[in-house]
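Hello,

Here is the structure you asked for. Please open it alongside this message, since the notes below follow it from the whole chain down to a single residue.

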Amino acid sequence: MSSSSFPIASGPLARRQRRRTVISYGERQVIVGGGAPVMVQSMTNTDTADAIGTAIQIKDLARAGSEVVRITVNSPEAAAAVPAIREQLDRMGVDVPLVGDFHYNGHTLLNDYPDCAQALSKYRINPGNVGKGAKRDTQFAQMIEVACRYDKPVRIGVNWGSLDQALLARIMDENAQRKEPWPAQAVMYEALVTSAIENAQRAEELGMDGNKIILSCKVSGVQDLIAVYRELARRCDYPLHLGLTEAGMGSKGIVASTAALSVLLQEGIGDTIRISLTPEPGGDRTREVIVGQEILQTMGLRKFTPMVIACPGCGRTTSTVFQDLADKIQTYLREQMPLWKGVYPGVESMNVAVMGCIVNGPGESKHANIGISLPGTGESPAAPVFIDGEKRMTLRGDHIAEEFQSIVLEYVQSHYSKQTAA
């Protein structure tokens, strides 16, 4: 086969055309849909009534790269704390937009606490939890009216764990009339999609601008999520928020989220994502932000932080030096990004290779912007460093990690400064 006929990977499909929604706070604007890059969202797990504790966690999530942070607003105490949270964030210089997550009593809280309604940048409404019977339409309308009053966008977030039972019963009745009834799973899918779209249409009938509506249909199964969002994307043009409703803990949650979201993102479906990881005991809440960013970056959809390429290790790499160095460099790069992204434009596209032996070490290092090939078992105790494909130096001794980190910093300063870019 000639090189000219070799098939070239096309990469992710173009983003499906969606309406354009703006989530803003002060001068900060986050664009959702309309061809904008996929946005990473997160959610706090603090008691929102604890204004200081919640503000600190929001700061950490924003520093990790969360572009919007959602907080639970479930009680009068939580609603009363929202303005204080916003004020504390302002004092810390954190301008990330806040989303209020409302269930059951959202209509009451938004009306009784206007300062809360104003301090939030977006409302999340679960149509399955806004009320039952005759109260449902009235209470949903009250929340939409508040959103219109303060010019706030909303996410109408359907969840199969709290689906509107009246709507589900209607869909089941319709299915029973079919000559060939659908299986129960298909009925559930249809109920989710129908609920999202009908409630969005209802919001527009109540006066909400259609460009201020985002939809989601959260489920916890990978194949279920893919099926539901394919149909949702086919039947509407609202921006779509992706995420498993309960991804799980540790590697299971990461793998499940990656498996589901990657398929949809590859097909051009999805405008915002959230990775709903269950934190491990003592775990860091910001992990969900990092996973979301890494999904988007490894797929080539966005760039957030320099990527570290490191080999998995084998019998040739019995030394743990390369593992320690890869971990230190990756941590160092991520910790520097809040500062670097404003000083060194383009640094997020840098690749760093930390390899453990001579087999693939030099080759991989040459492909990276900066690479180091550490000695494997029985190899000469020397570590060649490659910069932009050329061997520039060899490190030896007990301070290789510190010296390599300095080389990385020097590269960043010389290649990504604003003066260099100009």
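Half of the matter is what lies inside: 50% of the 422 residues of the protein chain count as buried. Please keep in mind that this is a predicted model. The accessible surface of the chain comes to about 19,300 Å², and carbon and sulfur atoms account for 50% of that surface.

For the overall dimensions, the C-alpha atoms fill a box of roughly 80 × 55 × 45 Å, taken along the principal axes. The secondary structure of the chain consists of 14 helices and 17 strands. If you look at contacts between residues at least 6 apart in sequence, 67% of them join residues at least 24 apart. As for charge, the chain has 43 positive and 46 negative charges, and the mean positions of these two groups are 3 Å apart.

Next, the sheet. Five strands form an open sheet in the order β13-β14-β15-β16-β17, and their pairing is mixed. At the edges are β13 (307–310) and β17 (390–395), each of which pairs on one side only. From one strand to the next, the twist averages 20 degrees.

Within this sheet, β14 (residues 351–355) and β15 (residues 370–373) run parallel and are joined by four bridges. To find the place on screen, start from Val352, which stands opposite Ile370 in β15. A helix also belongs to this picture: α11 (residues 321–343) lies across β13, β14 and β15. The direction of α11 is at about 160 degrees to β14.

Last, one residue in another strand. Leu215 is found in β8, which covers residues 213–218. Is Leu215 buried or exposed? The relative accessible area of Leu215 is 0%, and buried means under 20%, so Leu215 is buried.

Which residues does Leu215 touch, leaving out those up to four places away in sequence? The list is Ile156, Ala196, Ile197, Ala200, Leu232, Cys236, Tyr238, Pro239, Leu240 and His241. You can select these together with Leu215 to see the surroundings described here.

One distance may help you to place this residue. Leu215 and Asp271 are 56 residues apart along the chain, and their C-alpha atoms are separated by 10.0 Å.

Regards

Definitions and conventions: Residues are numbered from 1 along each chain as its sequence is written. This is a predicted model: local features need pLDDT of at least 70, side-chain atom pairs count only at pLDDT 80 or more; totals for chains, interfaces and linings use all residues. Side-chain values use heavy atoms; hydrogens and water are left out. Two strands pair if DSSP finds at least two bridges between them. Helices (H or I, at least four residues) and strands (E, at least two) are DSSP runs, numbered from the N terminus. Axes are lines fitted to C-alpha atoms, for helices over the stretch in contact, and angles run from 0 to 180 degrees between N-to-C directions. Contact means heavy atoms within 4.5 Å. Buried means under 20% relative accessible area, exposed over 50%, partly exposed in between (1.4 Å probe, protein chains only). Accessible areas come from the Shrake-Rupley method with a 1.4 Å probe; for residues, only the protein chains shown count as cover. Lys and Arg count as positive and Asp and Glu as negative; His and the chain ends are not counted. The place of a charge is taken as NZ of Lys, CZ of Arg, CG of Asp or CD of Glu.
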